[in-house]
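Here is a set of short exercises to work through with the structure open beside you. Try each task before reading on to its solution.

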Amino acid sequence: MSRTALRICPLCEATCGLTLTIEGTKVTGARGDREDVFSKGFICPKGASFAAVDGDPDRLRTPLVRRDGELREATWAEAFDAVAAGIRPIVERYGPHAVGVVLGNPNVHTVAGALYPTVLMAGLGSHSLFTASTVDQMPKHVSSGLLFGDANAIPVPDLDHTDHLLLIGANPLESNGSLCTAPDFPGRLRALKARGGTLTVIDPRRTRTAKLADRHIDIRPGTDALLLAAMAQVLFEEALTDLGELTEHVEGLDELRDAVRDFTPEAVAPACDVDAATIRVLARELAAAPTAAVYGRIGSCTVPYGTLGSWLVDVLNILTGNLDRPGGALFPQAATDRTPRPAGPGHGFRLGRWHSRVGRHPEAKGELPLSVLAEEIDTATEEGEPIRALLVVAANPVLSAPDGDRLDKALGSLDFMVSVDPYLNETARHADVVLPPPPSSQSPHHDFAFNTLAVRNQVRYNRPAVPLEPGRMAETEILARLILAVTGMHGADPSAVDDMVIGQTLGKAVREPHSPVHGRDPEELAALLTGDNGPERRLDLMLRLGPYGDGFGVRPDGLTLDRLLGHPHGIDLGPLRPRLPQPLKTRSGRIELLPEPIAGDLPRLRRALRERPAGLVLVGRRHLRSNNSWLHNVPSLTGGTNRCTVHIHPEDAERLGVRNGGAVRVKGAGGEVTAPAEITDGVRRGVVSLPHGWGHDRPGTRLSHAATDPGVNVNQLLDGSLLDPLSGNAVLNGVPVSLVPVT
């Protein structure tokens, strides 16, 4: 007999509500939840394939432990015994920094990934943290930290109310949006146009989003920051700046004017390959629109000037008075945000509190660049011990980081490695212990991260749709036990981890004068928490102390876990609203328009005015039915246009003798790959495009469908040396390559 259950889709940042059809304990189908307060029934092909993803037969069901050189099935007790025996001696002999931690993108899509990694890093005491952020959005975190004092204070475009939207390096019709959580992003863009608004897209590819635009600017890859700087220069030169209500919250306006003086449209036009007149029109239209928002994404982050470009996105929103304004770009307020503190100066944001051992790359937001992981393992220096052990949680850096071949070899040289992953993939195959979490249907779901980036304030929570299978372990318990095993507490009850966090959080809250529980007894408050387990009690704690919470009885109509459970389709908390100056945590308590690290990097951007790439450059691309390397093992999400091909412009193809469908060899600083050519005018001349996440052809994996059409690893064209210096983000776009047909 079938039944239905509600579930928030965990397969991309749109966080759409689903209604699952379940036969016994098996998910057999998924459709959009029409009553969901946020997505209102919208669903994309990934969400529609939830059942196939959830029931993939290649998912691991029991732990694996390496014995006599082979990974073999083991009990959970045996697996955690092996973790403790493998990690603790390394920590005790070489110190905590000899243990590295790699966190992949799927972590931000799970309750466990949100609640436990920070506890793991604090308990381990290691500075060797690497995440997917430094092959994606770290420039935005850094620019937000420098501007606003908080690396997680990222303003998002008010899609539903803006009159003018400028997208740069973003393709939400394929990606469903990123750093801007918006179910049915395509529908919201069409609604913008239907109400008379203007959509401008800046992208070297004529993407599906670009085809929808009123104006498409096919900029030369990697020059986004130059174009944005020129727009800022025009706003100053033509007296088009109007900060409005932002004026009292901003400092450094005159210094900013001087800093962008050299970036005139005429100066940047040759480098961007966008004529000066067009740049001036872009600036004037932005200033003239009743409301407007500039939004930049991965295409403008994964380039040599990613942090400067991300900074300039917000600079343009500020100069036109559109930051923190309805119809502009606003700061969301998630239900699990910390208790809002009174406005005023904060601790600010610092870069380079420590550095990588080999290349001396500065940390950003507590992380080192994922691109340098291989050298941190395989290179000896006098600056401390190399990484000898690695904990990899929901990550596949062999495919997602530059120079996967080198990293592949480096992983094989580790003393010990643990992988928390449902698959034996290109990275996990090196592990000594593999700890497989259960499918999404057997896990709870709340979007801790993405609600801080949502275009409308709301809150939703799902308990597991089906019970945990016999022999499975909840992902929250896996990570709690992992924390205990690597911090010398192996064998303790995993609930101790949650109890510790609850105690620490309440202990701090009762000491804070602005907290609703100031002066109360932490133990008494802990006893009031509800929930079936530690993770639910922690969610209840965050909801109660959050901006909409009941404050443990202070606001009787406020949020609690019990109230949220009574609204299975979610609770709408209203549109985004102006919040300044409360989000600001800079030392000045104001928006610091020209922070010193930004000013120090601008001379590098000025030198780019004279640069012209010779030959072809590489850019990536996204597929609607794919999410990095996650979903290539699901037959319904591969094939069709979701293919690993090299896009090349017809004129370049004719010049190089490339035929449609013929194999071409693409070579970069890190290596070469061979893939089929796809001739299309969807890319500009001088640009070739390969998608990210493919390359499933290494031995020792258990990805049976992905291996039938493995594609190639585009990151193998990179040697890891190209980084944005402020954020440590890998440069993945605008990279010089050569291409020849394979005869």
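**Exercise 1. Strand E9**

Task: Decide how many of the five residues of strand E9 (residues 164-168) are buried, and find out which strands pair with E9.

Solution, bearing in mind that this is a predicted model:

- Step 1. Begin with the count: five of the five residues in E9 are buried, so the strand is mostly covered.
- Step 2. Now split the strand by face. His 164, Leu 166 and Ile 168 point to one side, Leu 165 and Leu 167 to the other, and both faces are covered.
- Step 3. Look for the partners. Strand E10 (residues 198-202) runs parallel to E9, with five bridges between the two. Strand E13 (residues 293-296) is also parallel to E9 and is joined to it by four bridges.
- Step 4. Pin down the register with one residue on each side: Thr 198 of E10 is opposite His 164, and Ala 293 of E13 is opposite Leu 165.

**Exercise 2. Strand E23**

Task: Sort the residues of strand E23 (residues 663-668) into a covered and an uncovered face, then place Lys 667 against its bridge partners in E24 and E26.

Solution:

- Step 1. Val 664, Val 666 and Gly 668 make up the covered face, while Ala 663, Arg 665 and Lys 667 make up the uncovered one.
- Step 2. Turn to strand E24 (residues 671-679): it is antiparallel to E23 and joined to it by six bridges. The two strands form a hairpin, with two residues in between.
- Step 3. Strand E26 (residues 735-741) is likewise antiparallel to E23, through four bridges.
- Step 4. Lys 667, on the uncovered face, is partnered by Glu 672 in E24 and by Ser 738 in E26.

**Exercise 3. An aromatic pair**

Task: How are the rings of Trp 76 and Phe 80 arranged, and how far apart are their centres?

Solution:

- Step 1. The structure holds three aromatic pairs. One of them is formed by Trp 76 and Phe 80, with ring centres 6.2 Å apart and 25° between the planes.
- Step 2. Planes under 30 degrees apart count as stacked, so this pair is stacked.
- Step 3. Both residues belong to helix H3 (residues 76-94); because they are four residues apart, about one helical turn separates them.
- Step 4. Check the surroundings. Trp 76 has a relative accessibility of 13% and is buried; Phe 80, at 4%, is buried too.

**Exercise 4. The cysteines**

Task: How many disulfides does the structure hold?

Solution:

- Step 1. The count is zero.
- Step 2. Take Cys 180. The nearest cysteine sulfur belongs to Cys 12 and is 12 Å away, whereas a disulfide needs sulfur atoms within 2.5 Å.
- Step 3. Cys 301 is in no disulfide either: the nearest cysteine sulfur, that of Cys 180, is 13 Å away.
- Step 4. Both cysteines are buried: Cys 180 has a relative accessibility of 0%, and Cys 301 has a relative accessible area of 1%.

**Exercise 5. Two loop residues**

Task: Is Lys 40 buried or exposed, and which residues does Arg 520 touch beyond four places in sequence?

Solution:

- Step 1. Lys 40 is in the loop linking strand E3 (26-32) to helix H1 (45-48). With a relative accessible area of 57%, Lys 40 is exposed.
- Step 2. Beyond its neighbours within four places in sequence, Lys 40 contacts Asp 33 and Arg 34. A polar atom of the Lys 40 side chain lies 3.3 Å from the backbone oxygen of Val 37.
- Step 3. Arg 520 is in the loop between helix H20 (495-509) and helix H21 (522-528). Its relative accessibility of 26% makes Arg 520 partly exposed.
- Step 4. Outside four places in sequence, Arg 520 touches Val 510, Leu 525, Leu 528, Gly 551, Phe 552 and Val 554. With Phe 552 there is more to see: its backbone oxygen is 2.9 Å from a polar atom of the Arg 520 side chain.
- Step 5. Stay with Phe 552 and look at the ring: the charged end of Arg 544 sits over it, 5.0 Å from the centre.

Notes:
Residues numbered from 1 in each chain as written. Predicted model: local features only at pLDDT ≥ 70, side-chain atom pairs only at ≥ 80, totals over all residues. Heavy atoms only, no water. Buried < 20%, exposed > 50% of the residue type's maximum accessible area, 1.4 Å probe, protein only. Contact = heavy atoms within 4.5 Å. Polar contact = N/O pair within 3.5 Å; in protein donor to acceptor, adjacent residues only side chain to side chain. Pairing = 2+ DSSP bridges. Phe/Tyr/Trp six-rings, centres within 6.5 Å; stacked < 30°, edge-to-face > 60°. Lys NZ or Arg CZ within 6 Å of the ring centre and 35° of its normal.
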